[in-house]
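Please work through the following exercises with the sequence and the model at hand. Each task is followed by a solution in steps.

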Amino acid sequence: MDDEVVERALALAEEKFIAASGPGGQNVNKVATAVQLRIDVFALRLTPAVFNRLRELAGSRMTKAGEIVLTANEYRTQDQNREAARERLTAMLEQALTPPPKRKKSRLNRVGKTQRLKSKKARGAVKASRGKVDW
């Protein structure tokens, strides 16, 4: 199922080439090498748990309309930037699709419990001794 969602997302993704910012001389001024990848999350039909994890992962890259916008401009060619953006989207989706591990209840033995209670009593005694001073 995970692979299906990723494949569907890559198929639905819209790519737009924009002029990159930063150093690069004439190449950066002439060629639109940066890629802006947009994907409508609602079109993916994710379960609520996966959607919430994806929204958390995307952060400010997700618009109010439910679109994730990824921009890749670290390379000088469109193909490399396109591949980088697609890899980022794939990694984000795979991370959202894997549920977090279940928390295991910590077990405390009898000695640890008595030590903890003893230290709590001592701390309480210190705090209780801090009273108002009568002159």
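A residue is called buried under 20% relative accessible area, exposed over 50%, and partly exposed in between (1.4 Å probe, protein chains only). The model is predicted: local features need pLDDT of at least 70, side-chain atom pairs count only at pLDDT 80 or more, and totals for chains, interfaces and linings use all residues. Residues are numbered from 1 along each chain as its sequence is written, and side-chain values use heavy atoms, with hydrogens and water left out.

**Exercise 1.** Determine whether N81 is buried or exposed, and describe its surroundings.

Step 1. Locate the residue: N81 belongs to helix α4, which covers residues 78-97. Helices are DSSP runs of H or I with at least four residues, strands are runs of E with at least two, and both are numbered from the N terminus.

Step 2. The relative accessible area of N81 is 0%, so N81 is buried.

Step 3. List the contacts (heavy atoms within 4.5 Å). Beyond its neighbours within four places in sequence, N81 touches T33, A34, V35, A72, N73, E74 and Y75.

Step 4. Consider Y75 further: its backbone nitrogen is 2.9 Å from a polar atom of the N81 side chain.

**Exercise 2.** Describe the protein as a whole.

Step 1. The protein contains five helices and three strands, in the order α-β-α-β-α-β-α-α from the N terminus.

Step 2. Its C-alpha atoms occupy a box of roughly 80 × 45 × 30 Å along the principal axes.

Step 3. Of the 135 residues in the protein, 26% are buried.

Definitions and conventions
Polar contact = N/O pair within 3.5 Å; in protein donor to acceptor, adjacent residues only side chain to side chain.
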